[in-house]
Amino acid sequence: MKNRKILGILVSAFIALIAMLGIYFHYKLVPYNANRVKIGATYMTMNNDFYKVLNNEIDKIVEEKNDILYTRDPALNVDKQAQQIESFIQKKVDVIIINPVDANSQRLIKALKKAKKAGIKIVVVDSQLSDNSSADTTIVSDNYQAGVLCAKDMMQTQSNAKILLLEHRSAVSAVDRINGFLDTIKGHDAYQVVDRKDCLGQTELSMPQVESVINSAESFNTVMALNDQVAIGALAAIENMGMTNAVKIYGVDGSPDMKTLLATTSPIQATVAQSPITIGEKAIQAGYQLDKGKKVAKEIIIPVKLITSETVSDSDITGWQ
């Protein structure tokens, strides 16, 4: 009985020692930072791996610095996103990283101006604001060039085309892609836009939109989609409706799903790769520089690259770039 009691005391002492060592090494390795930088991040939707990957890069660096990151998902609701900005102001964050749901929303722009007035630094990512006076920096892919690259590939591989445009009219980045495409085919009568549908960048919205065009008997043989999610929705609609004529589909993102389809599915013609990893890295770097009072370029443009079925093997098919 006495031995059991002594053993119990020794075990308890050992557990206490381990706990104390754990606490010691935690604070030794991760010292307490009384002046932690607080960052609020809100993206138009987290129903898109692009923004998850982008945010993961931000989170990785914030965690390394033992700072604080609040990540919010407005789910394509601009009023909700404006409320999230108000919440960030109340939390007294130092930096806001935002991918705007609606570039033209006066409520959102007003909320950002309020944040700016409160001394919060504003980093806009992936899509510009129509009024960027509150933005300290805007970090985007070369979206106009993405549209140009898709159009040039189409014109090199097809002697003519009846084109269905799948858009997101409230996102400046998406508008830039479509404008790059349209400006490139302008004056070439063999390439005609036969219909345009707004899909908000979502697979589940593009699929019924494309099905409605097929049901209307409008003939098209090319789809220019603002992003890969929408392109994949278009492919699903074409297959679901049993469309027999050959269709070529273009997207923008360079997502793993799209690259896999490029390697295996003939209707997918090309995607223009942008890099959420690079955008995330540059966004958090800019945020920290701004917080320290350093200057950052008003606009940072990340180059893009066309990927086709012939060049996809040169890319990491399973991951983002």
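This report describes selected features of a predicted model, moving from one helix to the strands, aromatic rings and single residues around it.

## Helix α6 and its surroundings

Helix α6 covers residues 172-185, a run of 14 residues. At 1.5 Å a residue such a helix should span 20 Å, and the C-alpha atoms at its ends are 20 Å apart, so the expected span and the modelled one agree. After the helix comes G187, a residue with a positive phi near 85°.

The buried residues of α6 are S173, A174, D176, R177, I178, G180, F181, T184 and I185, a list in which D176 and R177 stand beside residues such as I178 and F181. These buried positions pack against helix α5 (143-157) and against four strands, namely β6 (161-167), β7 (191-198), β8 (222-225) and β9 (248-253).

## Strands β6, β8 and β9

Strand β8, one of the elements against which the buried residues of α6 pack, is covered on both faces. T222 and M224 lie on one side of β8, V223 and A225 lie on the other, and all of them are buried.

Strand β8 also pairs with two other strands. With β6 it pairs in the parallel sense over four bridges, and within that pairing L165 has M224 of β8 as its bridge partner. With β9 it pairs in the parallel sense over three bridges, and here V223 stands opposite I249 in β9.

Strand β9 also holds D253, whose phi is positive, near 155°, although the residue is not a glycine. Most residues other than glycine have a negative phi. D253 has a relative accessible area of 4%, and because this is under 20% the residue counts as buried.

## The aromatic cluster

A search of the whole structure finds three aromatic pairs. One of them joins Y43 and Y51, whose rings are stacked, with 5.9 Å from centre to centre and 25° between the planes. Both partners are buried, Y43 with a relative accessibility of 0% and Y51 with a relative accessibility of 5%.

Y51 also pairs with F50, but in this case the ring centres are 5.4 Å apart and the planes stand at 85°, so the pair is edge-to-face. F50 is buried, as is Y51. Taken together, Y43, F50, Y51 and W320 make up one aromatic cluster.

## N48 in the loop before α2

N48 is placed in the loop between β1 (38-42) and α2 (49-64). Its relative accessible area is 7%, and because this is under 20% N48 counts as buried.

When neighbours within four places in sequence are left aside, N48 is in contact with N227 and Q229. The side chain of Q229 is joined to that of N48 by a polar contact of 3.2 Å.

## R72, K91 and K92

R72 belongs to strand β2, residues 68-72, and is partly exposed, with a relative accessible area of 29%. Apart from neighbours within four places in sequence, R72 is in contact with A41, T42, Y43, Q84, F88 and K91; among these, Y43 is also a member of the aromatic cluster. R72 and I98 are separated by 26 residues in sequence, and their C-alpha atoms are 9.7 Å apart in space.

K91, one of the contacts of R72, has its charged end over the ring of Y70, at 4.8 Å from the ring centre. A further lysine placed over a ring is K65, which lies over the face of Y288 at 5.0 Å from the ring centre.

K92 is in the loop between α3 (78-90) and β3 (95-98). Its phi is near 60°, a positive value in a residue other than glycine. With a relative accessible area of 64%, which is over 50%, K92 counts as exposed, whereas D253, with its own positive phi, is buried.

Notes. Residues are numbered from 1 along each chain as its sequence is written. This is a predicted model: local features need pLDDT of at least 70, side-chain atom pairs count only at pLDDT 80 or more; totals for chains, interfaces and linings use all residues. Side-chain values use heavy atoms; hydrogens and water are left out. The expected span of a helix is 1.5 Å times one less than its number of residues. Buried means under 20% relative accessible area, exposed over 50%, partly exposed in between (1.4 Å probe, protein chains only). Contact means heavy atoms within 4.5 Å. A polar contact is a pair of N or O atoms within 3.5 Å; within protein, one must be able to donate a hydrogen and the other to accept it, and residues adjacent in sequence count only if both atoms are side-chain atoms. Rings of Phe, Tyr and Trp (its six-membered ring) pair if their centres lie within 6.5 Å; planes under 30 degrees apart count as stacked, over 60 as edge-to-face and the rest as tilted. A charge sits over a ring if NZ of Lys or CZ of Arg is within 6 Å of the ring centre and within 35 degrees of the ring normal. Two strands pair if DSSP finds at least two bridges between them.
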